[in-house]
Structure formats: structure tokens, C-alpha cells
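Work through the exercises below with the sequence and the three-dimensional structure in view. Try each task before reading its solution.

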Amino acid sequence: MKENVFILNHPLIQHKLTLLRDKNTGSKQFRELVSEIAMLMCYEATRDMPLKEVEVETPIAIARSKVIAGRKLAFVPILRAGLGMVEGCINLVPAAKVGHIGLYRDPQTLKPVDYYCKMPSDMPERDVIILDPMLATGGSAVAAVESIKRYNPKSIKFMCILAAPEGLKVFTDAFPEIPVYTASVDIKLNDHGYIVPGLGDAGDRIFGTK
Ligand code: PRP
Ligand code: URA
């Protein structure tokens, strides 16, 4: 595995991922699980945030203690399915802003079709974490990074719940400098570009559209 790919094998993430894969998990529980997994993954993906020491007065004495050193984050979900990951992340980092990028995969060509992009105005000051549960062929993730790079963010990370080896290779070949956080690298893509064993269509399962 490439050194910039982090497989988050925390037991809570892996347990929740198993429930997410289950075809009998309904939309309500699916949404809750996506949000919980995103929060746990965000905890890991923000490990390198810099800290600074400050003084704080406890009821007993003055303590020297640490706070995050002014790092500004932006979460950028890829619509639609990435929306399911926003709540968990923003609960953890309430000061973060949220950009949106609209892409859908053409079912015939499997190529991403771009339909929306709205970023915070101060992107050059922000570290971006892109959110999408699925990295399949990698087309959507690569297109999202290309769009976001035009806004000159300080840095970009990519966070997905499942990755296919094919898409991971496409992405890391295109952007070796961008860290990828995932809960699993599955076996392969099928002929329709779905991850095997995967979890099915993430957008449809989150929003109940099938
Ligand atoms: C899914 C998923 C990713 C994309 C991954 O979105 O959420 O964005 O497919 O596939 P890729 O790596 O082959 O590009 P989809 O196109 O189904 O749109 P939706 O989220 O609106 O359902
Ligand atoms: N998009 C999904 O939602 N699921 C897959 O398995 C592949 C792409």
C-alpha cells in the first residue's frame, strides 16, 4: 500500500462498516452509521493538526494547556453521497466551513459529470478534507480535486469509507501528495463500476432513492 494511504482499522470503524455493508440495513440506520464512521475517520484524519500552548485558569490553579493553532478547515462533500459524512465531521470541528461539489457518474461511461461547485471565499487559508463514501473508478475523486485545486487551498486530504484498488491507483497516481483515508480497500470493481463486495449505491442507500 502506498505510504499516503491510511486504512483506518479502529475496531469501532470496522464494526460499523460491517453494519453498513449489510443489505438489510435500512436508510435511517445507514445514514446514522455513515455519520458516525465519518466522525471517527475525521478524528484520525485530523491527528496532524498543530497545537499551541495557552494558559487557562482552572478552579485550582493556572494550567498550561494546548489548543489547536488556528488551523482552518473546510469539508467538501461530493454530492450527493458525501453529504452523509458532513454532520459527523462538523460535529467534531464546528468551526470548519463546508464547500460543495456536485458530480455524478454517467452510468454508461462511468465518467464524472460536473454540475455544481460552491466553495468558502477564504479557501487559500483553509485545509480541505474531501468527503465521499465511495472511491470506485476514481473518476469523481480526481475531478473533485482538479476543481478544488483552482481555489488554491493550503492543503487537500481525501476521506472515503470504501475504496476499490483500481480507483485508489488512479487517484494516488494522479495526486501522490494527497493523503487518502479509508476504512477498507475492497477486492475489485464489477463490470458496472460498483465496488465488490462494497455496500451498494451509497447515495441511494443514504437518501432511499431506490
Ligand atoms: C458515487 C459516489 C462517488 C462516485 C464514485 O456517486 O458517491 O461520488 O460514485 O465513483 P467513481 O470513483 O467511479 O467516480 P454517484 O455518481 O452514484 O452520485 P450520487 O452520490 O449522486 O448518487
Ligand atoms: N458508487 C457507489 O455508490 N457505490 C459503488 O460501489 C461505486 C460507486
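**Exercise 1.** Into how many nonpolar, polar and charged residues does the shell around ligand 1 divide?

*Solution.* Before counting, note that this is a predicted model, in which local features need pLDDT of at least 70 and side-chain atom pairs count only at pLDDT 80 or more, while totals for chains, interfaces and linings use all residues. Residues are numbered from 1 along each chain as its sequence is written, chains are lettered from A and ligands numbered from 1 in the order in which they are written, and side-chain values use heavy atoms, with hydrogens and water left out.

Begin by finding the shell: 14 residues surround ligand 1, and the closest are Arg105, Asp132, Ala136, Thr137 and Ser140, where a residue is near a molecule if one of its heavy atoms lies within 4 Å of it. Then sort the shell by type, counting Ala, Val, Leu, Ile, Met, Phe, Trp, Tyr, Cys and Pro as nonpolar, Asp, Glu, Lys and Arg as charged, and the others, Gly among them, as polar. The result is six nonpolar, five polar and three charged residues.

**Exercise 2.** Which protein atoms lie 3.1 Å, 2.5 Å and 2.9 Å from oxygen atoms of ligand 1?

*Solution.* Look for polar contacts, which are pairs of N or O atoms within 3.5 Å. A polar backbone atom of Ala81 is 3.1 Å from an oxygen atom of the ligand, a polar side-chain atom of Thr137 lies 2.5 Å from one, and for a polar backbone atom of Gly138 the distance is 2.9 Å. As a last step, consider the area: ligand 1 taken alone exposes 500 Å², of which the protein buries 91%, with areas from the Shrake-Rupley method and a 1.4 Å probe.

**Exercise 3.** Which residues surround ligand 2, and which of its atoms are 2.8 Å from the backbone of Ile195, Gly200 and Ala202?

*Solution.* The surrounding residues are Arg105, Met134, Ala136, Gly193, Tyr194, Ile195, Gly200, Asp201 and Ala202, and by type they comprise five nonpolar, two polar and two charged. Next, take the contacts in turn: a polar backbone atom of Ile195 is 2.8 Å from an oxygen atom of ligand 2, a backbone N or O atom of Gly200 lies 2.8 Å from a nitrogen atom of the ligand, and a backbone N or O atom of Ala202 lies 2.8 Å from an oxygen atom of the ligand. Taken alone, ligand 2 exposes 240 Å², and the protein buries 88% of that.

**Exercise 4.** Why is helix α4 described as largely enclosed by the rest of the structure?

*Solution.* Locate the helix at residues 139-149 (helices are DSSP runs of H or I with at least four residues, and strands are E runs with at least two, numbered from the N terminus). Nine of its 11 residues are buried, so α4 is largely enclosed by the rest of the structure; here buried means under 20% relative accessible area, exposed over 50%, and partly exposed in between, with a 1.4 Å probe and protein chains only. The buried residues include Gly139, Ser140 and Ile148.

**Exercise 5.** Is Asn152 buried or exposed, and where is this residue found?

*Solution.* Asn152 is in the loop between α4 and β10 (155-159), and its phi is near 50 degrees, a positive value in a residue other than glycine. Because its relative accessibility is 53%, Asn152 counts as exposed.

Technical notes: A polar contact is a pair of N or O atoms within 3.5 Å; within protein, one must be able to donate a hydrogen and the other to accept it, and residues adjacent in sequence count only if both atoms are side-chain atoms.
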